[in-house]
Every structure is written in structure tokens, then in C-alpha cells.
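Trainee: Got a minute to go through a model with me? I'd like to get my bearings before I head back to the bench.

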Amino acid sequence: MRANTMKKRVEDWRPFRRWLLGDGRPASPSAPEDALDYFKAQWEGAAPRTFYQSFLDSLAFFERAGERPEAERLSDSQAVKNAVKAFTAKRAL
């Protein structure tokens, strides 16, 4: 992976990690609700349309890099993928 791409993934991840810790959750998300609640918080904060897919890409990167078992990867969760599509479509309106 290119250095700039890796830097972008880290930049996209840091606010999520801070949000998790600030909300009293573990630093590593363990359930789809962690990502879905974060999406809702970002929606209220008027996140740009591109935010959701960038976040999903970052989540997938860190899950692969951390060697999280495929069955436990939130980035592969249908609920998370559907939420990305829904929030992206809403922002496009």
C-alpha cells in the first residue's frame, strides 16, 4: 500500500478511536452497533458524503492489518455496508 494511502487510513481511524474511548467503549470496535452509532454521530455533525466509504475502507484496513478473523470483521457486516450506502445516498440529496 502506498504511504499516502496508509496515512489517510490512519487519519480516518483516529477520530473513530477517540469517539469510542470518549463514549466509554473499547478502543477496538466489537459490534456493528459501534460503527452504526458513530455514523449517526457523524451524520449529526454534517459529515461529507465521502466520509462513510472512507471510514469503511479504513475499518477494513485495520481489521486486515490486525489479522482479525474474517467472521469477526465489522467491515464485512451487511448492516455496516448497508448503512454506508444509506448515509452516502442521503448526503447526495
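Trainee: Let me start with one residue: is Glu67 buried or exposed?

Mentor: Glu67 counts as exposed, at 68% relative accessibility. The terms work like this: buried means under 20% relative accessible area, exposed over 50%, and partly exposed in between, with a 1.4 Å probe and protein chains only. Bear in mind that this is a predicted model, where local features need pLDDT of at least 70, side-chain atom pairs count only at pLDDT 80 or more, and totals for chains, interfaces and linings use all residues. Residues are numbered from 1 along each chain as its sequence is written, and side-chain values use heavy atoms, with hydrogens and water left out.

Trainee: Thanks! And where is Glu67 found?

Mentor: Glu67 lies in the loop between H3 and H4. Its phi is positive, near 55°, and it is a residue other than glycine.

Trainee: Which residue in the loop between H2 and H3 has a place there that I should look at?

Mentor: Try Ala46, which sits in that loop between H2 and H3. Ala46 has a positive phi of about 65° although it is not a glycine. With a relative accessible area of 55%, Ala46 is exposed.

Trainee: Stepping back, how many helices and strands does the protein chain have?

Mentor: There are four helices and zero strands, so the order from the N terminus reads α-α-α-α under the DSSP definition, where helices are H or I runs of at least four residues and strands are E runs of at least two, numbered from the N terminus.

Trainee: What is the radius of gyration of the protein chain?

Mentor: It is 13 Å, which agrees with the value near 12 Å for a compact globule of 93 residues. That radius is taken over C-alpha atoms, and the globule rule is 2.2 Å times the number of residues to the power 0.38. Along the principal axes, the C-alpha atoms fill a box of roughly 35 × 30 × 25 Å. Of the 93 residues, 34% count as buried.

Trainee: On to the inside. Which residues touch the most other members of the largest nonpolar core?

Mentor: Phe16, Phe39, Phe51, Tyr52 and Phe55 do, in a core of 17 residues. Helix H1 (3-22), helix H2 (32-44), helix H3 (51-65) and helix H4 (78-92) each give two or more residues to this core, and H3 provides the largest share, five residues. By nonpolar core I mean a set of buried Ala, Val, Leu, Ile, Met, Phe, Trp, Tyr and Cys residues joined through side-chain atoms within 4.5 Å.

Trainee: What does Phe39 touch?

Mentor: Not counting residues up to four places away in sequence, Phe39 touches Phe51, Tyr52, Phe55, Val80, Ala83, Val84 and Phe87. Contact here means heavy atoms within 4.5 Å.

Trainee: And Ser58, buried or exposed?

Mentor: Ser58 counts as buried, at 0% relative accessibility. Its place is in helix H3, and leaving aside neighbours within four places in sequence, Ser58 is in contact with Arg9, Asp12 and Trp13.

Trainee: Last one: what is Leu21 in contact with?

Mentor: Pro26 and Ala27, again leaving aside neighbours within four places in sequence. Leu21 is found in helix H1 and counts as partly exposed at 42% relative accessibility. The C-alpha atoms of Leu21 and Tyr52 are separated by 20 Å, with their positions 31 residues apart along the chain as the spacing.
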